[in-house]
Amino acid sequence: MKRIMPGCAALVLLCGAAAAQDDATRSITQVTDDVYRFDNNFHVSWFAITDEGVVVGDPINQAAAEWLKAQIAERTDQPVRYMILSHSHGDHASGGQVFEDTAEVVAHENATAHVEAGEVDTAMPDVTFADTHEFSLGGKTFELNYLGEGGHGDDLIATVIRPDDVAVVVDVVNPERLPYQTIPAASIDGYIGQIRAVEALDFETLLPGHSKTGTRADATATIEYLELLRQRVQERLDAGDDLEQIKAAVTMPEYADWGSYEQFIGLNVEGMVGHLSN
């Protein structure tokens with residue numbers, strides 16, 4: 001049976017001893033009655049508790065996964081039945097072996113090749129799919145949606161948890177935070193296309209891979225930022241400006257209050273120049 005610790009949605013438990021051991025800051029926050037957000041330094045994952053078992057998201061790394069497994073055991077006697085990998089990038093998918101003793105690993109079909117090639121040290125996917133996949137456990141349904149090729153990896157998926165209407169969207173949408181550094185993606189069209197696939201989903205709460213919890217509107221806001229950045233960079237390219245001139249001219253002041261603005265705005269411009277120059 002589930003055991004909910006006191007504090008409900010406002011509950012935040014900070015890691016003490018474990019953080020001292022591997023220099024990580026960790027917390028768990030209750031998002032809905034059964035869905036929890038897990039923060040590990042600057043990475044975010046999640047888990048959902050049901051009366052028939054637990055579903056977890058990205059393990060992040062082995063130390064994080066071991067800590068999370070212990071925390072889950074304090075909240076429920078149910079085993080972890082499924083682990084859903086958002087994609088195969090090592091900063092999110094590493095350490096999945098921690099859960100493979102009881103959990104089926106679910107991922108996009110393209111993830112298998114990355115794991116087999118040794119690009120990430122994690123558990124091998126047991127269940128894979130091409131476009132969509134759905135399963136139910138303990139009164140909850142987990143809808144997995146492939147976000148498409150050409151963007152941030154070739155195996156990125158979004159998970160929507162029903163009836164909570166919580167979507168887990170890693171890397172491509174980080175509410176009110178600039179995209180990471182040079183906007184890592186195969187193409188800017190592919191990257192925006194993945195976010196449009198998120199925007200087309202039906203959900204209320206958005207759990208990101210980084211930054212604060214948001215809503216579906218944050219997907220739209222991220223598209224608007226990228227499209228405006230593309231427009232302004234293209235105008236400077238058409239005018240014949242070099243990279244340094246473009247970085248000086250395109251500062252996106254409307255987004256100065258977004259997270260990581262000071263660190264990433266110059267890199268975002270540099271990345272957009274690279275995408276538009278290829």
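**Exercise 1. What is the mean pLDDT of the protein chain, and what percentage of its residues reach 70 or more?**

Solution. Remember to begin with that this is a predicted model. The chain has a mean pLDDT of 93, and 92% of its residues reach 70 or more. Next, turn to the start of the chain: over residues 1-21, pLDDT stays under 50. The model does have 46 contacts beyond four places in sequence for residues 1-21. Still, where pLDDT is low, predicted coordinates should not be read in detail.

**Exercise 2. Work out the strand order of the open six-stranded sheet, then name its edge strands.**

Solution. Walk across the sheet and you meet S9-S10-S11-S12-S13-S14, with mixed pairing. Now look for strands that pair on one side only: these are strand S9 (132-137) and strand S14 (214-215), the edges. For a closer look inside the sheet, take S10 (residues 140-146) and S11 (residues 157-162), which pair in the antiparallel sense over six bridges. Within this part of the sheet, Phe142 stands opposite Ile161 of S11.

**Exercise 3. Find a cis peptide bond and a non-glycine residue with positive phi, and place each in a loop.**

Solution. Start from what to expect: most peptide bonds are trans, and most residues other than glycine have a negative phi. Then check the bond from Arg162 to Pro163, which is cis with omega near 5°. Pro163 lies in the loop that links S11 to strand S12 (166-169). For the second part, go to Glu176, whose phi is positive, near 55°. Glu176 sits in the loop between S12 and H5.

**Exercise 4. Describe how helix H5 is placed against helix H6.**

Solution. First take the axes: those of H5 (residues 188-199) and H6 (residues 217-238) come within 9 Å and cross at roughly 155°. Angles over 145 degrees count as roughly antiparallel, so H5 and H6 are roughly antiparallel to each other. The crossing of H5 past H6 is left-handed. Then list who meets whom: H5 brings residues including Ile188, Tyr191, Ile192 and Ile195, while H6 brings, among others, Ala219, Ile223 and Leu226. Sorted by class, the residues of this contact are eight nonpolar, two polar and five charged.

**Exercise 5. Repeat the analysis for H6 and helix H8 (residues 261-277).**

Solution. Here the axes come within 10 Å, and H6 and H8 cross at roughly 70°. The range for roughly perpendicular is 65 to 115 degrees, so H6 is roughly perpendicular to H8. H6 passes H8 in a right-handed crossing. Among the residues in contact are Tyr225, Leu229, Val233 and Leu237 of H6, together with Ile265, Val269, Met272 and Leu276 of H8. To finish, the contact of H6 with H8 splits into 10 nonpolar, three polar and one charged residues.

Methods: Residues numbered from 1 in each chain as written. Predicted model: local features only at pLDDT ≥ 70, side-chain atom pairs only at ≥ 80, totals over all residues. Heavy atoms only, no water. Pairing = 2+ DSSP bridges. Helix = DSSP H or I, 4+ residues; strand = E, 2+ residues; numbered from the N terminus. pLDDT = per-residue confidence, 0-100. Contact = heavy atoms within 4.5 Å. Axes fitted to C-alpha atoms, helices over the stretch in contact; angles between N-to-C directions. Parallel < 35°, antiparallel > 145°, perpendicular 65-115°, else oblique. Left-handed = near helix turned anticlockwise from the far one by under 90°. Nonpolar A, V, L, I, M, F, W, Y, C, P; charged D, E, K, R; others polar.
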